[in-house]
Amino acid sequence: MKSTSLSLIAGAVALAAVTGFAALTVPGDGGATVAGAASRLPVERSSLLCPAPGLSDLAETTYTSFTPVAKSGDEAGTAELKSPTAAKKDDKEKTTKDKPAKDKDKSQDKAADTDKPVVALKEPGKPATADVSGSDAPALVGTATGRLAPGWTAQQTTTVEAGDSRGLLGVSCTAPDTDFWFPAASTAKTREDYVNLTNPDDTAAVADIELYGPDGTLKSDVGEGITVPAGSGVRVLISTLTSKAADDVTVHVTTRTGRVGAVVRTADSKTGSDWLAASAAPAGTLVLPGIPADATSVRLVAFAPGEDDADLNVKLLGKTGAFAPVGNEDLHVKSRMTAGVDLKNITRGEAGSLLLTPAQKDRATPVVAALRVVRGKGDKQEVGYIPATGPVGAQATAADNRAKGSVLSLTAPGAAGTVKVTASAGSKGGTPVSKTYKVAAGTTVAVTPPVPTGLKGTYALTVETQPGGGPVHAARTLTLPQDGIPMFTVQTLPDDGGTVEVPTAEQDLSVLDD
């Protein structure tokens, strides 16, 4: 091995810390990968994208930015959420400073001045917030560096009191990516579902949107080659991509070039609106945590993207154990066809989580899934969505919790697990509080989480898996009742990716230097 290989190893470690990924192949050694135990380092840079809040002039949106207190390290850093226009303002000025005024995009200039808020996080452990009103609020893009990067989380919470967009819409801002699955969307006449695409980069991205209904592909030419301009967002009404109305639709977003943030905003004339976040990547076993105890309707939507059909066992993990819902103990999902099943009021007054497992252990066909959950009755109904999600892992955070209204659901689908839950300082004051919860195997624990002592403003909840137990999946439900309507939103808590695995060489590489 040459001395240049040593530099490559160091470079790979640095790359992993910055981007969250690195692979190292040694040149001249037959393409061998450097062997060794892995260690974990905190990331040095994180990116998040928040969709444009919506179409209603009645919308009131709160953005919350938060980074947990790190166990070590004191390097300075920044974490800002701003409009794509503002984020690219310097580049725009460079390209337009020599143009005549009449050639400039005046709407973009105006947006650069008015696209607010900019949320600037100053320190770990204390949330930063900003509020905006109306339908003109832009999508936000953000970058965190240094000590503010590991575990950086942003939450967007919008309240719309009336109209077809009525509801409490919550979404955890997402990292840019190239592949997203959204079961539980719809092209029904009663629905108005939009795919929101946000491009954080300074070059255009090109995306494709594929739709799958109960009978297979909903063919469309207009869903191909959608250009998302640099530093901008695009909103696509999915019912315009096909002539066929379907209650259950799976949306697949991919990019040909570039990367985007993607999320679906749903609206129903009867049950209001909320955000539908992407499902976890296709897998044979899926966990969907956080079904509220008072859910009046729960609908499971699943999709098998591969060539094989999927046969799944369906179980509800409740307070005392797991059981199969009568009449819906199993689900058959045909290849590349969306399957939906009404589980009705499956929880029967007891909060729970759904576990999907292969009917045959030796045949785990990958699937994606999401739940459409309704609370309330008659004209006082409200909808929310729970996509399949990964475990908490080392750490996960839900931002924007109020003094009242939050419920934390914890489920252990395998072995029993233990988590530590920390309520951060409040955005305007308060002292952090921590509490440990044990979750028995095959159960769900729904708790009112701890609240900071002397809370002023909002706060964040950080969940950490404790050693010695099995994986725990989690979701936070935020409920803000309005005129008798149980307005709510559910955010799942997968691992926040605050640390990254990097290779550590087992041997003294200097002895191999020629």
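**Close-up 1. The disulfide between Cys 50 and Cys 173.** In this predicted model, the sulfur atoms of Cys 50 and Cys 173 sit 2.0 Å apart in a disulfide. A disulfide is a covalent bond between the sulfur atoms of two cysteines. The structure holds 1 disulfide, and here you are looking at the link of Cys 50 and Cys 173, which is right-handed, with 105 degrees about the S-S bond. Cys 50 belongs to strand 2 (residues 45-50), while Cys 173 is found in the loop between strand 9 (167-172) and strand 10 (179-185), so the pair ties together parts that are 123 residues apart in sequence. As you follow the chain into this view, note that Cys 50 and Cys 173 are both buried.

**Close-up 2. The salt bridge of Arg 375 and Asp 294.** Now we turn to charged side chains. Side chains of opposite charge can pair when their charged atoms come close. The closest N and O atoms of Arg 375 and Asp 294 are 2.8 Å apart. Arg 375 is part of strand 26 (residues 368-375), and Asp 294 is in the loop between strand 19 (286-291) and strand 20 (295-303), so this salt bridge ties together parts that are 81 residues apart in sequence. Is each partner buried or exposed? Arg 375 has a relative accessible area of 9% and is buried, because buried means under 20%. Asp 294, at 40% relative accessibility, counts as partly exposed.

**Close-up 3. The salt bridge of Lys 244 and Asp 215.** Here the closest N and O atoms of Lys 244 and Asp 215 are 3.2 Å apart. Both residues lie in loops: Lys 244 in the one between strand 15 (232-237) and strand 16 (249-257), and Asp 215 in the one between strand 12 (205-213) and strand 13 (216-217), so the pair ties together parts that are 29 residues apart in sequence. Lys 244 counts as partly exposed, at 41% relative accessibility. Asp 215, with a relative accessible area of 60%, is exposed.

**Close-up 4. The salt bridge of Asp 193 and Arg 191.** The last view shows the side chains of Asp 193 and Arg 191 meeting in a salt bridge, with 2.7 Å from N to O. Are these partners buried or exposed? Both Arg 191 and Asp 193 are buried. If you would like to keep exploring, the structure holds 12 salt bridges, among them the pair of Asp 193 and Arg 191.

Definitions and conventions: Residues are numbered from 1 along each chain as its sequence is written. This is a predicted model: local features need pLDDT of at least 70, side-chain atom pairs count only at pLDDT 80 or more; totals for chains, interfaces and linings use all residues. Side-chain values use heavy atoms; hydrogens and water are left out. A salt bridge is a side-chain nitrogen of Lys or Arg within 4 Å of a carboxyl oxygen of Asp or Glu. Buried means under 20% relative accessible area, exposed over 50%, partly exposed in between (1.4 Å probe, protein chains only). Helices (H or I, at least four residues) and strands (E, at least two) are DSSP runs, numbered from the N terminus. A disulfide is a pair of cysteine sulfur atoms within 2.5 Å.
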